[in-house]
Amino acid sequence: MDSNMKRFLFGMGIALNLIAVACNIGNGADRELVAKPIIVETPKNELNGILATKDLMVGMNRVAFLLANSKALITTPTVSLKPIYLGAAASVWQAVTPELYMWPFGSRASYVTELFFDRSGDWQLDVEVEEEDGSISLARILLHVQEASVTPSLGTVPPTALNKTIRDVDDMQELTTRSTPDRDLYVMTIAEALETEQPLLVVFASPAVCTSPTCGPQVETVEELKDQYKSRMNFIHVEVYDNPGKIQGDLSRAKFAPIIDTWGFTQLEGYRNESFVFIIDGDGRITSKYEGFATKRELEKGLEEVLD
């Protein structure tokens with residue numbers, strides 16, 4: 001049935017309903033009936049919500065997600081997000097408007113917002129998208145909030161575990177799976193960078209063998225930022241694997257670098273090798289944390305906070 005026929009039948013239904021009400025009034029029926037509004041619930045189409053951030057804790061969190069229908073990813077500029085706590089004392093929080101960040105490749109995009117969770121447990125994000133025809137599509141995204149983050153959280157001093165640098169290897173391919181590595185990202189350890197009392201951006205990613213297609217572009221984005229801001233802060237890439245030169249596309253040969261365990265990544269449920277970016281201020285505390293892909297524009301907002 002096409003949309004014109006649906007609208008015709010819907011209108012006829014309302015008209016017949018009004019005629020019936022009028023006839024009842026004429027027969028002496030309860031006159032309060034005419035004061036009751038006719039409520040028509042707007043149908044909602046189902047969307048798929050893909051949560052990109054899963055290490056969530058009580059307090060402030062960056063929450064990123066993608067939306068898709070049966071045909072493609074959704075890139076509608078404005079959507080509405082409503083957090084709902086699913087515990088015994090269920091509660092609905094005020095709706096917010098996430099920001100859309102277009103990715104630098106293809107037609108992908110993610111929605112990002114800051115959410116404050118006041119309690120641990122199971123939550124649901126109801127995301128509504130208004131379609132061109134005025135209908136509303138809905139995605140329900142389930143998530144779990146823990147008391148504390150598994151990986152280093154905002155405001156904390158990160159672990160001091162050592163990452164490999166060019167001083168530790170004979171070949172750059174022993175430092176990263178990236179085919180054309182930027183030497184500048186491997187000249188110092190995280191501890192050495194913090195000793196300079198300059199802000200630091202560190203990206204944990206495996207560019208060539210990541211199970212997500214975003215790890216390589218994430219490192220490339222960091223390289224662009226490094227070229228732009230290297231006189232004011234430090235930039236480091238830490239390869240997820242300790243033996244990148246031996247993997248050769250076969251993850252069964254891969255071994256996590258010790259620092260990946262120290263920073264808590266291997267304790268994340270279902271973690272394989274997804275990327276993380278941390279921005280650390282001159283005092284050595286984490287000010288921004290990005291799980292999953294973050295665009296250059298989003299990362300620059302975090303850099304502005306530590307460079308002002």
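A charge sits over a ring if NZ of Lys or CZ of Arg is within 6 Å of the ring centre and within 35 degrees of the ring normal. Keep that rule handy for the first exercise.

This is a predicted model, where local features need pLDDT of at least 70, side-chain atom pairs count only at pLDDT 80 or more, and totals for chains, interfaces and linings use all residues. Residues are numbered from 1 along each chain as its sequence is written, and side-chain values use heavy atoms, with hydrogens and water left out.

**Exercise 1.** Find what sits over the ring of tyrosine 85, and how far from its centre.

Solution. Look for a charged end: here that of arginine 119 does the job. Its distance from the ring centre is 4.6 Å.

**Exercise 2.** Count the aromatic pairs, then work through the one formed by tryptophan 263 and phenylalanine 278.

Solution. Step one is the rule: rings of Phe, Tyr and Trp (its six-membered ring) pair if their centres lie within 6.5 Å, and planes under 30 degrees apart count as stacked, over 60 as edge-to-face and the rest as tilted. That gives 15 aromatic pairs. Step two is the geometry: tryptophan 263 and phenylalanine 278 are 5.1 Å apart centre to centre with 65° between the planes, so by the cut-offs the pair is edge-to-face.

Step three is the location, with helices (H or I, at least four residues) and strands (E, at least two) taken as DSSP runs numbered from the N terminus. Tryptophan 263 is in the loop between helix H5 (258–262) and strand E12 (276–280), while phenylalanine 278 is in E12 itself, so the pair ties together parts 15 residues apart in sequence.

Step four is accessibility: buried means under 20% relative accessible area, exposed over 50%, partly exposed in between (1.4 Å probe, protein chains only). Tryptophan 263 and phenylalanine 278 are both buried. Finally, zoom out: ring pairs join these two with Phe204, Tyr241, Phe256, Phe265, Tyr271 and Phe276 in a cluster.

**Exercise 3.** Describe the surroundings of phenylalanine 204, a member of that cluster.

Solution. Start with the element: phenylalanine 204 lies in strand E10. Next, accessibility: a relative accessible area of 1% makes phenylalanine 204 buried. Then check C-alpha atoms: those of phenylalanine 204 and valine 238 are 4.9 Å apart, although 34 residues separate the two along the chain. Last, list contacts (heavy atoms within 4.5 Å). Leaving aside neighbours within four places in sequence, the partners of phenylalanine 204 include Ile190, Val238, Ile259, Trp263 and Phe278.

**Exercise 4.** How many salt bridges does the structure hold, and where do the partners of arginine 178 and glutamate 224 lie?

Solution. Apply the cut-off first: a salt bridge is a side-chain nitrogen of Lys or Arg within 4 Å of a carboxyl oxygen of Asp or Glu. The total is 16 salt bridges.

Now arginine 178: it bridges to glutamate 223, with the closest N and O atoms 2.9 Å apart. Arginine 178 is in the loop between strand E9 (136–145) and helix H2 (190–195), and glutamate 223 is in helix H3 (residues 215–229), 45 residues apart. Both ends of this bridge are buried.

Then glutamate 224, which meets lysine 296 at 3.9 Å, N to O. Glutamate 224 sits in H3 and lysine 296 in helix H6 (residues 296–307), so the bridge ties together parts 72 residues apart in sequence. Glutamate 224 is partly exposed at 43% relative accessibility, and lysine 296 is partly exposed at 29%.

**Exercise 5.** Which side chain and which backbone atom of lysine 255 are involved with aspartate 242 and asparagine 243?

Solution. Take the side chain first: that of lysine 255 forms a salt bridge with aspartate 242 (4.0 Å, N to O). Lysine 255 is in the loop between helix H4 (244–247) and H5, aspartate 242 in the loop between strand E11 (234–239) and H4, 13 residues apart. Aspartate 242 is partly exposed at 23%.

Now the backbone: the nitrogen of lysine 255 lies 3.0 Å from a polar atom of the asparagine 243 side chain. Asparagine 243 is also in the loop between E11 and H4, and is buried at 15%.

**Exercise 6.** Which phi sign do glutamate 197 and glutamine 248 have, and are they buried or exposed?

Solution. Phi of glutamate 197 is positive, near 60°, and that of glutamine 248 is positive at about 50°. Glutamate 197 is exposed at 62% relative accessibility, and glutamine 248 is exposed at 65%.

Definitions and conventions
A polar contact is a pair of N or O atoms within 3.5 Å; within protein, one must be able to donate a hydrogen and the other to accept it, and residues adjacent in sequence count only if both atoms are side-chain atoms.
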